[in-house]
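Could you walk me through this model in the viewer, one selection at a time? A friendly tour of strands and aromatic rings would suit me well.

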Amino acid sequence: MQTKTFAPVENLQAGTWLDEVTWNEQGLVPVIAQELGSKDILMMAWMNRDALLATLRLGEAVYWTRSRQKLWHKGEESGHTQKVREIHLDCDGDTILLVVEQKDGIACHTGEHSCFFKRWDSDSACWVDESQSKK
């Protein structure tokens, strides 16, 4: 199966297509960001309708930050933007997958490539920090 590359639509309007997404009681949907080349899972964030619409218009990831209660254009402060290459909606409509090109290879606010750098170690029954910056 050949995947068609995503192209932003600057003048895209909200429509019934948004109803295909299963929004939670806060009007949010979880979003997984996966790196195009490596297939690494970079991060998990949230989108509301406005964030999804902004992402589709801009061609870069825009999320909803629950802590600040506002739209967050990924990389607006750090410069580590995510150029969207593909967007997928899962079978239940309750999770979005963004396939992205991660600018500078840093997705995590800690400076790590991925937010998922802590691994569960069953032998010691604890989380092991495998961050690149601590190696």
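Before the first click, a word on terms: two strands count as paired if DSSP finds at least two bridges between them. Keep in mind, too, that this is a predicted model.

**Stop 1: strand β6.** Select residues 96–102, which make up strand β6. Of its 7 residues, 5 are buried, so the strand is largely enclosed by the rest of the structure.

**Stop 2: the parallel partner.** Now add residues 29–35, strand β1, which pairs with β6 in the parallel sense over 5 bridges. To see the two strands face each other, pick A33 and look across to L98 in β6, which stands opposite.

**Stop 3: the antiparallel partner.** Next, select residues 82–89 for strand β5; this one pairs with β6 in the antiparallel sense, over 7 bridges. Here E86 is the residue opposite V99 in β6. Follow the chain from β5 to β6 and you trace a hairpin with 6 residues between the strands. Pause in the turn at G93, where phi is positive, at about 75°.

**Stop 4: aromatic pairs.** How many aromatic pairs are there to visit? The count comes to 2. Start with Y63 and W72: the ring centres are 5.4 Å apart and the planes meet at 45°, so this pair is tilted. Y63 itself is buried, at 1% relative accessible area.

Then move to W120 and W127, whose ring centres lie 5.2 Å apart with planes at 70°, so the pair is edge-to-face. Show the surface here: W120 is partly exposed at 41% relative accessibility, while W127 is exposed at 58%.

Key:
Residues numbered from 1 in each chain as written. Predicted model: local features only at pLDDT ≥ 70, side-chain atom pairs only at ≥ 80, totals over all residues. Heavy atoms only, no water. Buried < 20%, exposed > 50% of the residue type's maximum accessible area, 1.4 Å probe, protein only. Helix = DSSP H or I, 4+ residues; strand = E, 2+ residues; numbered from the N terminus. Phe/Tyr/Trp six-rings, centres within 6.5 Å; stacked < 30°, edge-to-face > 60°.
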